[in-house]
Amino acid sequence: MKKPLSLGLACSLLLSLHPVGTAAGLMADSKAVAAVEYLYADVSDANTILAAIDSGLLSSYQGRDRAAWEQLYGTRRAKLARELERLPSSGLSGGDTRAIAAMRKQMQAFTGGGALFSPAAKCQDAPRKDIAYAQLKAALVACFVEIGNNLSFEGGKINRVSALDLLHETSDAGRRKAVFLAFVPLWQAVNGNNEPDSPYRRMIAGAAAEASKNGSEIDNAARDVGINPVEVERWLVQMLDAWRASSGNVMVEPWDFRFQAGEADRVLGTYIPRESLQPINHRYYRDLGADLEQMGTLYDLGPRPDKAALAYTEFVTHGRMVNGAWRSTVARVSAPYERGGLFVLNELVHENGHVVNITAIRNRPAFVDWPSDLFAEAFADVPAWGTYEPVWQRRYLGHEAPEQLSLRALYSVVMLDVAWSLFELRMFRTPTADPNALWTEITGRYLRIVPHAELSWWAVRVQLADLPGYMVNYGLGAILTAEMRQHISKVLGAFDNGDPRWYGWLSQHLLRYGSERDTRTLMQDFLGRPVSPQAFLEQIRRLKPASPQATGDQPTESTRH
Ligand SMILES: [Zn+2]
């Protein structure tokens with residue numbers, strides 16, 4: 001998960017220096033624009049520093065406490081708004097004009113603090129019919145924090161991430177079903193008893209109304225790939241069809257789906273204790289030419305009751321030229337990890353894929369920001385998918401699971417994302433549809449999951465409430481991930497074993513532009529052709545249909561050393 005909202009403020013005492021034209025492409029053409037752009041960089045930094053403080057990671061930064069940052073943010077932001085207004089509207093270079101547009105757009109997402117994914121709202125407000133769309137959404141996110149961080153299981157409390165992980169690892173069928181049913185209070189908070197005016201159903205109606213005015217994440221993703229939204233649906237269905245063809249016809253219970261596909265997680269789980277997550281992650285990226293520690297990346301990976309209920313990555317400060325030298329972006333990763341395991345490690349490597357994406361940006365301040373959501377999520381999986389390749393496992397874990405088990409574990413999780421993407425796409429199209437019936441239809445048909453329309457078991461992802469439509473960035477994003485992995489392997493060579501040229505080469509060819517280049521052009525130039533689902537479908541074809549009796553508590557294949 002990347003955090004798509006930037007916060008912002010000004011921090012450096014060097015703001016008044018506006019080096020113009022010292023590094024091609026990294027500076028504004030006009031002196032007036034350069035001055036505004038460096039003010040923008042300060043506001044943008046203050047915004048993300050305040051978010052870092054409000055996340056609980058820091059109490060002060062660069063010698064300033066929260067109050068000082070807030071004050072700086074307020075005054076500089078007001079000044080920035082005034083100065084942006086004052087810039088001439090003609091006579092500027094094309095680059096400066098685009099930079100001004102980018103700054104205006106990105107500024108709209110600045111929040112000036114507030115804990116991301118952990119709003120001040122209360123879950124108890126979700127059933128209220130008198131609150132507006134934004135408040136309803138915030139209340140639903142609060143449900144994920146309040147309830148999702150406190151699921152009752154076997155007399156204790158576990159969080160949502162741990163519960164999902166336990167669904168992969170718990171071999172006792174009764175216990176597994178109990179973990180699954182630990183989600184019931186969350187499902188009820190989000191979707192009541194699935195009545196037509198349940199909290200989620202009112203929220204998705206609001207989201208669809210908003211999307212009809214401003215477009216949805218699905219429209220954005222379609223634009224980023226260069227296809228229309230109807231084709232997005234076709235591609236998602238193609239992906240699901242390929243999975244179905246590779247998976248046999250045996251129906252599984254929803255609490256068994258992750259377990260059945262997750263044998264690799266179980267084979268390797270003992271080699272990935274909680275405390276090994278970061279050393280493995282750092283070593284892999286060092287082998288890819290990216291030293292995360294040297295980059296100053298900040299980590300906040302432990303669980304806390306009031307913490308954001310999902311893993312995400314965000315800027316702390318934005319890279320920029322200072323006195324003729326590039327001062328790097330500093331990123332932070334937040335996650336609520338109670339346990340280790342391959343599923344969690346894969347997610348940590350994904351988050352650090354976001355880190356290397358944003359630290360690789362070398363551009364003028366207006367463009368030192370996230371690329372599109374679709375590109376960001378897809379790129380983060382380029383290194384992360386490696387964790388499910390036996391060659392990677394051998395090198396970084398000292399043990400490997402058989403290829404078929406590894407691939408099935410990886411792509412079963414990807415397929416759930418594709419299923420959620422299709423679910424949201426259809427909910428946006430028909431917001432009055434019954435979400436439980438729709439989810440049952442999609443998962444029954446393509447994932448061969450036994451119908452349980454009485455349970456809102458789709459409601460386990462925070463994004464469904466916080467950023468309706470966002471799941472497409474994972475589901476459709478997998479197509480871009482497969483394209484990038486295939487192209488890098490072709491041009492640079494296989495990299496699941498590490499390749500010290502990887503980070504530098506990708507920085508140069510793909511990542512340095514930040515928010516400047518649209519994803520469609522970026523991918524077209526990178527691949528030398530438009531994006532297509534072929535590379536992804538080839539990955540799914542690597543899977544051989546599972547044997548029909550492969551459910552439940554069968555003995556696992558032993559680890560090869
Ligand atoms: Zn992500």
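Biologist: In what order do the 3 strands of the open sheet sit?

Modeller: Keep in mind that we're looking at a predicted model. The pairing in this open sheet is mixed, and the twist averages 20 degrees from one strand to the next. Read across the sheet, the order is E6-E10-E7.

Biologist: OK, and which strands stand at the edges?

Modeller: Look for strands with a single partner strand, since one side of each is then left without a neighbour in the sheet. That description fits residues 298–300 and residues 312–317, so the edge strands are E6 and E7.

Biologist: Do E6 and E10 pair in the parallel or the antiparallel sense?

Modeller: Strands of a sheet pair through backbone hydrogen bonds, and that can go either way. Here there are 3 bridges between E6 and E10 (residues 330–334). Aspartate 300, for instance, stands opposite serine 334 in E10. The sense of this pairing is parallel.

Biologist: And over how many bridges do E7 and E10 pair?

Modeller: This pairing runs in the antiparallel sense. Threonine 313 has valine 333 in E10 as its bridge partner. The count for E7 and E10 is 5 bridges.

Biologist: How many residues of E10 are buried?

Modeller: Let's take the strand one way at a time. Val330, Arg332 and Ser334 point one way, Ala331 and Val333 point the other way, and all are buried. So E10 is mostly covered, with the buried count at 5 of its 5 residues.

Biologist: Which helix lies across E6, E7 and E10?

Modeller: We want a helix that lies over those three strands, and residues 342–359 form one. Against E7, this helix runs at about 30 degrees. Its name is H14.

Biologist: Now for some helix packing: at what angle do H17 and H18 pack?

Modeller: H17 covers residues 403–429 and H18 covers residues 435–447, with their axes 10 Å apart. The two are oblique to each other, and their crossing is right-handed. The angle is about 140 degrees.

Biologist: How many residues in the contact of H17 with H18 are nonpolar?

Modeller: From H17, the contact residues include Leu416, Trp420 and Phe423, while H18 brings in Leu438, Trp439 and Ile442, among others. Arg426 of H17 and Glu441 of H18 also take part. The contact has no polar residues and 2 charged ones, and the nonpolar count is 13.

Terms used: Residues numbered from 1 in each chain as written. Predicted model: local features only at pLDDT ≥ 70, side-chain atom pairs only at ≥ 80, totals over all residues. Heavy atoms only, no water. Axes fitted to C-alpha atoms, helices over the stretch in contact; angles between N-to-C directions. Helix = DSSP H or I, 4+ residues; strand = E, 2+ residues; numbered from the N terminus. Parallel < 35°, antiparallel > 145°, perpendicular 65-115°, else oblique. Left-handed = near helix turned anticlockwise from the far one by under 90°. Contact = heavy atoms within 4.5 Å. Nonpolar A, V, L, I, M, F, W, Y, C, P; charged D, E, K, R; others polar. Pairing = 2+ DSSP bridges. Buried < 20%, exposed > 50% of the residue type's maximum accessible area, 1.4 Å probe, protein only.
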